[in-house]
Each structure stands twice: as C-alpha cells, then as structure tokens.
Amino acid sequence: MKADVQEIYKIKTTEKESLLKWYHLLKLGRSLDDKAPNYLRQAIGWSYHAPAAGHDAIQLAIGQVFDQEHDHLFPYYRDLQTCLSAGLTATEIILNGISKDTDVAGGGRHMSNHFAKPEINIHNVSSCTGNHTLHAVGIARAIKTYEAKGVAISSQGESSVSEGYVYEAINGASNEKLPVIFVFQDNGYGISVPKKDQTANRKVAKNFEGMKNLRIIYCNGKDVFDSMNAMAEAKKHAEENQTPVIVHANCVRIHSHSNSDRHDLYRDKAELNYVQEYDPIAKFRRLLVRYNRATEEELDAIDAEVKAEVKVAHKAGLAAPSPDPESIHDFVIAPSYVPQKFPDGTHNEEGEPKKLIEALNGTLKEEFRRNPHTYIWGQDMANKDKGGIFNVSKGLQQEFGHKRVFNAPIAEDFIMGTANGMARYNKDIRIVVEGAEFADYFWPAMEQFVETTHEYWRTKGQYSPNITVRLASGGYIGGGLYHSQNIEGALSTFPGVRIVYPSYADDAAGLLRTSMRSEGMTVFMEPKALYNAPKAATPIPEEFEVPFGKARIRREGTDLTIVTYGNTTHMCVEAADKLAKEGAGNIEVIDLRSIVPLDTDTVLESIKKTSKVLIVHEDKVFAGFGGEVAATISDLGFEYLDAPVKRVGSTFTPVGFNRILEAAVLPNTDKIEVAARELLSF
Amino acid sequence: MKKIGLFYSFHSVKTKQQAQKIIAALGAENIEEVNVEEADEATFKKYSNYILAVPTWFDGELPNYWDEFLPAVEDGSLKGKTFALYGGGDQKGYAENFVDGLGIMADFIEARAGKVIGFTSTEGYEFEGSKAARGDQFVGLALDIENQAALTGERIEAWTEQLKKEFK
Ligand SMILES: Cc1cc2nc3c(=O)[nH]c(=O)nc-3n(C[C@H](O)[C@H](O)[C@H](O)COP(=O)(O)O)c2cc1C
Ligand SMILES: Cc1ncc(C[n+]2csc(CCOP(=O)(O)OP(=O)(O)O)c2C)c(N)n1
C-alpha cells in the first residue's frame, strides 16, 4: 500500500547522488546481514542474528531521516540496515555482531544484533520486545519540555505491538502530544506465529485509529521511495505538530526469524519463493536501471566497493580486543552522591521533631529548588490542594509548575519506562517517580524496573538512568493483601539498583537527598504507616544527608544484635528497651537504612561484641531479605557467633484484611521480644 | 472495436490463466498481450483501449511489476483512453483489503483523466473493506480463486460481454 503522503522522493526525479548513496547503503547492509551467519558457523560469534533482509527499504528510510544531533533512535534487534543508515559503520556493526570490547553499543555486554551507539543517540535497547517504545516517549517528553528540535523514533515488529506497554506508550504520546514516531515493521510473523494470532486487524496500526493527536501512515516498507516519503512525512508531521505518528510498513521476512528458527517448517514453497521475489533491494536496482538512473556497470562497481569495504571491516573486527573477564564488576551502578556535610549520616540536631511526611515533602522541595532539571510524576501526584495519595508531594506543583510536577495515567510501567526515557536527555536531569500508589502496585512496572537496572552495565557506563523510585510500602494500616506488601526483598535480586528503607524522619530526608543527587537508580521505600507517626518524627538538620550503605545504630548494647529496617526498627527498639528495663539484657539495634548496598561492616562489628544476632523485618521470613543478611553473617562472621542466627518477620502468607488476620501475619514487638529472649538466654 | 492492449505479468499464474479466458471470450484478434514487466512508455501509448490485470498483494498493495511500471506513465495524460480492470483477490484471507489493487489502479488512471469502464456489482462477495468498492460497485472485475473459483468462468463471461458494449 502506497503511503498517502507528499511524494518528495521518486525514481525519476530524486538526485542521482542520493540514489547511489542509498544503493550503496542497502548493499552494504545486505552484505553484512548475509555474512553474519558465517561468524556463527566459524564459532567466532554472532550467535543471535535476526536478518534484516526484506525490511531493507523502511530501515534505510528510518536511518536517512534520523538526525544524529537532535533525534533519538530506538532500533530493535532486526534493525541492522536502520543502524547502518543512521550512522554506524560496517566495522561497528561487526564489532557488535562478534561482541568485542570495542563494540560501541556496550563492549560485547549485550546480545549480538543489538546495534547501538549512544554517543550519536542510537540507543542501546532491550531484547524485551517493544519496551523501548516507553523510552522513546520519555525522551520525546524531554524534547518537548526543553522546547528542543528533534523527534524520537522507535522501531519494532508488528507482533510485539501486542505488548501492553506498547499501548501504554502510544496512549501516553497521544495524550501528552509528544514528537515521537513509532515504526511497525510488519513482516507478518512473530517468529513462527502469523499475525492473525496477535490481533484482529490485519494491520495492527488500525487498532490505534481512535487515538487523538495521532497520525497513522501506512507504507510499503519494501519500496525505497514509498518508505522514504512516509518517513519524511512522519518526521515533518511530528516536529511541526509536536504530536506522535505511527508508520506501519509492510515488509517481507526473506529468511527465518533468526538463526534458531527454521521457517521451512511453517512456510510453504510458494511463500518462500515470493518473499525472495519481493526483495526490496532487487526492486530498487531494477528501478534504477529501468529508468536510466544508473547503469548496470555503475551498480556493479558499487557492489565491488561494498565487497572490499566488508573485507576491511571484517579484518578490523577480528583484530579487535575481546572484553576482559575482570571487567564484569565495572559499571554495575553509576556513582552515588557522597555526602559532604554528614559523611556518616548522623547528627546531633536538637529542636522540634518533624514528621516523616514533612521530611519527605521538605526535602523534595529543597532538591527541586536546587536543581531545575528535577521532575516528579506518578498517580494522584497533584490536583489543586491534593499532592499525592498520601500528600507527600503537596505544594510541589504550585511551586514548580505542571512541567515538572504532574500526574501520570494509571500505568505503572509507563511511569517507570518514561522515566528511563526522559533521563537519557541530559545528565543533569533527576527524576523522582512515585512508582505506584502503593508498592503493591509496582508489579506492572517490573519489566521496566528490570530494564532500568540493566542500562548502566549494558551500555558499559554510557548511560545511567538517574531516577529515584518512591514507593509507599508495608502494612500495619489494615490494608489487606494489596496495601501491605513489602517488595524490597524481591527487588534486591537485581544488580544495578540501590534500595533504601528508612525508619525515621531524619534518615528519610537524608536518604532522599542523597538519592536525588546521585547518578543511577535508587528505590526509596517509604514505611507509610510511619508518615505521621510521632515515634518516627525527629529533628532534622538543614541539608541533612545520609550516605548509601551506612547503617545507623539506633540503640547501643552488648548482649544481642538486632538487625532491622523500616517499620520494625521501632518495634525492635521498644522490645530492647523493655528487656533492658527488666534486666534481661542490653540489646544493640542496628537500623540498616540501606538494603543495597548492605553495611556488612557495621553488622559484623556489632556481632563481634554481642556474639548473637536476630534479624527482623516486616517482609516474609521465607526468602525475605533477612535470608541474605543471615547468609552473609554466617559466611563472614560465623566465628563470632555463640548462638544460631534467628529471624523474625511475616508468615509465609498474604496479609489478611481483617485486623485479627493482619496482626497474626505481621511481626510486632511481642514476637520480637519472644525471639530476643530466646537468644539472650541461649 | 479497436485493438485492446491487455497488460499483465507473463510470470503470474492465476492472473495469466484469467487473461487467457478473457482473450478467448473477446476474440484473440481483438487483443494484443503485453508483459507489464517489460513494457515501456511507448508500448503503453500505442493503445486507446486497455485491459489491465491487477491482482492485489501484501495487504492492499500493487504487485511489484505494476509499481515498477507506473512511473513510466505517471507524468503523462491518459485523456481519451479507456481502461477495464480485473484482478485476483482473496475476500476471506484479506477481507480488509479485498482487491484494493483495482481501486489503486482506477484512482491512478482517473487522476490522469483516463476513463475506467467495466464496473461490476459487489453482490455475491463478502469483505470488510476495499479500495475498489464505490457504493455497491467494484471499479473492475474481482476474481477470487481462493474462495469462489467456481464463479470465475461465469464472471469473466458476463464481464467480457459487458466490455464488448462499453469499449468503443
Ligand atoms: C502475500 C499475499 C498477499 C495478498 N494480499 C491480498 C490483499 O491484500 N487483498 C486481496 O484481495 N487479495 C490478496 N491476496 C490474494 C491474491 O490477490 C490472489 O491470490 C490473486 O489471485 C493472486 O494472483 P497472482 O498469483 O496471479 O498474482 C494476497 C495473496 C498473497 C499471496
Ligand atoms: C517480552 C518478550 N517476549 C518474547 C520475546 C521473544 N521474542 C523475540 S522476537 C519475538 C517475535 C517478535 O515479532 P515482531 O515484533 O513481529 O518482530 P519481528 O521479529 O518479526 O521483526 C519474540 C516473541 C521477547 N524477546 N521479549
């Protein structure tokens, strides 16, 4: 289907120079694409290869409209030709294919055929199909916010449009009116699955026809001119109107999905034959010759040139260094802010205690004043006098405006994913998101959470998502199964994120400040039961800061160490005070404050003194974070122990709504006291 | 009746068989067959009456051979020329774009002042969308081998009878 757009590019009128440049690029891309399987056959690499053949025309066009200086491109794993056309060199394609240390995407850390060059705004994207649509939307939000030139371009196959987050992305772009182009390269299959099994419309772009502010352009992705015209129009439209465009490009997949697929198992001979016949490059060459725009000799000369170029690139690729195994620990997470005024995160401030909620609200405002590139969004973030479901963000929108403080749709993955997108725009940007209204609702954002933990490592330090994810966590409010969860243990299995969980107002202020000044992602757990609790209120020195990975001894003691964080810190202190009063023992209570990184030193130092340890947290004992603490202690501190490591936490059940059930599930001061007594008398 | 230029792809299978049936019905002496894949502007200009065979491919696209030929004639006028269109389509498999190719070609011709004849009724077909449909008529003859092969013979018969009257 020919695009219904202005025909700027035509076989008879387009400058010969462009035509030959395109032919050269197409042949170079195809030649690399055809050569990729050889590397696997020879056990050199490129063990994942999804051929671009049949998508060549639309891919050429995406790359040709892409402006390295102002645009941002999010290609997918089939976009070899796109990336070449957008500015990668043949050598860079091979370096990625065979995973060399000098691979510009990220030094061989990411899978082959995941081409990228963050330096020129060709972003390094996930293998998780289509999740970069959210990043494109996020960066388009930055382009619009900063009133900058340029568009974001996201590219993917038609089948992966089925992913829910793609709908979230396009809905968001339509609602916020963002300059982003979503290209769907339609080859009729998601691996072996025909597109009829994905969605009812043959052309999935049709599913979006009801969305406002959204232009949809259908084009023939096998035709160079139609693809060029469609992409040129899409870019012009997105830039001029500051609104999104979908380009639905009809392609053919000439080969199998990838080297691990065998398409002859599900495509008949006729089909295997006609996809070859519809090779976009062959068509382009026929046109060039038929309309006397190039002679066979000229084109043969380009073919020969390409052959020589690929040879040179191949040699350079083979000679490039491989990554060093020692380097795996580099770039796991970007540097955190190092507190200057309060290097160990303690203070002697006296005076009026402030509630935890005031601490958060005040710190947010202070940091927003300090850095004009700070943004916050989430559900129920701001509407007149209401600021956040718990009013943590009260007054922020009034002071900092709708561009910096705004509501998000009820789409947690969108909240998280657009943060990961917008943060790419410049290094000064700091984003705070209320990841979900309750930590319990963060699960829909998990794929973007995981994605965000990978960015810094995967790009070998080229991109760090500078994001603080705030989550109102925990129970004790009679909230039942979906307003009581603690998810820090589950999140802690992912390298690439810091997780903090304060118990008192001062630590909340200090940790939030440090999070917002740091590079990389920090999950900031807020014990919502303590927002307004007098016991969590403390005096807070001005500009208080707390370093990551530094526990705080909340009560000194000699007979037993309790390691805890969050809601249970207060219960542990209470139990310890009670036992001390009774003369049963003097307990040291360590508030970890940071879970990742974990302050092992403070814990071990304490155990050296007490020889006994109890680990307490609100989350379930089974597979809770305490298990990691216990294992670390038995690994590094076994010799100091005179008693088994004990744990107190929730039962391995959901949290019941009825207060009787809730109390039975969650830990409390009595349960802690019982366990502490047992250990003291061991 | 002047000689009709029947343009189709000599490589096609179904379309070619249909072309042969049409030739038989109209009389070989009235027809000159031209392979679209090799046609140039001069060959095309020779005629004033045409039958163009335009099956639909890839969810509503013209086959490559038409795409590649049309630039040859896109800048000229087709004034005074008369065209009849036929082409294959699959109303079940591609219900959203049933015989779109006929519609795309009709639009191309009319945009250059050519005349399209040989419209047929959409009755007897079931589809969701078609660029070839104008009201209850197709802008040419839709042949559906995939779902209604048995009707092809009589459809061609009726259509060629109609063309005998409509072509001058
Ligand atoms: C890949 C493919 C796509 C097709 N797309 C359409 C379409 O969009 N609309 C339609 O009516 N028929 C479509 N068809 C059906 C053909 O038009 C039909 O089979 C026709 O008879 C083909 O004629 P030919 O083989 O002579 O080219 C498609 C067939 C194939 C193989
Ligand atoms: C979230 C996710 N689910 C499944 C996969 C496995 N997978 C890889 S490619 C693919 C098919 C995608 O098809 P499409 O979007 O049409 O793109 P194409 O490969 O056809 O170009 C699937 C299911 C994945 N990578 N990510």
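Biologist: Which residues lie nearest the centre of the second largest pocket, and how many residues line the pocket?

Modeller: In this predicted model, the lining of that pocket has 28 residues. Those nearest its centre are A:K2, A:A3, A:E7, B:I104 and B:F108. The space within the second largest pocket comes to about 790 Å³.

Biologist: Which elements each supply at least two residues of the lining?

Modeller: They are α7 (224–241) of chain A and α4 (100–111) of chain B. The largest share, 4 residues, is that of α4(B). By residue class, the lining of the second largest pocket holds 13 nonpolar, 2 polar and 13 charged residues.

Biologist: How should the interface of chain A and chain B be read, and what area do the two chains bury between them?

Modeller: Interface size is often stated as the accessible area lost when the parts come together. Here chain A and chain B bury about 2,000 Å² between them, with 40% of this on carbon and sulfur atoms. Each chain brings residues to the contact: 24 from chain A and 24 from chain B.

Biologist: How many salt bridges and how many residue pairs in polar contact are found across this interface?

Modeller: The rule finds 8 salt bridges between chain A and chain B. One salt bridge joins A:K206 to B:E96, whose closest N and O atoms are 3.7 Å apart; this lies inside the 4 Å cut-off. There are also 20 residue pairs in polar contact across the interface.

Biologist: Which elements give two or more residues to the side of chain A that touches chain B?

Modeller: These are β6 (215–220), α8 (269–277) and α9 (280–290) of chain A. The largest share comes from α9(A), with 4 residues. That side of chain A comprises 9 nonpolar, 3 polar and 12 charged residues.

Terms used. Residues numbered from 1 in each chain as written. Chains lettered and ligands numbered in written order. Predicted model: local features only at pLDDT ≥ 70, side-chain atom pairs only at ≥ 80, totals over all residues. Heavy atoms only, no water. 1 Å grid on protein atoms, 1.4 Å probe; cavity = no way out; pocket = protein on both sides within 12 Å on 5 of 7 lines; lining within 4 Å. Points joined across faces, edges and corners; volume = space filled by probe spheres on them. Nonpolar A, V, L, I, M, F, W, Y, C, P; charged D, E, K, R; others polar. Contact = heavy atoms within 4.5 Å. Buried area = accessible area lost by both parts, 1.4 Å probe. Salt bridge = Lys/Arg side-chain N within 4 Å of Asp/Glu carboxyl O. Polar contact = N/O pair within 3.5 Å; in protein donor to acceptor, adjacent residues only side chain to side chain.
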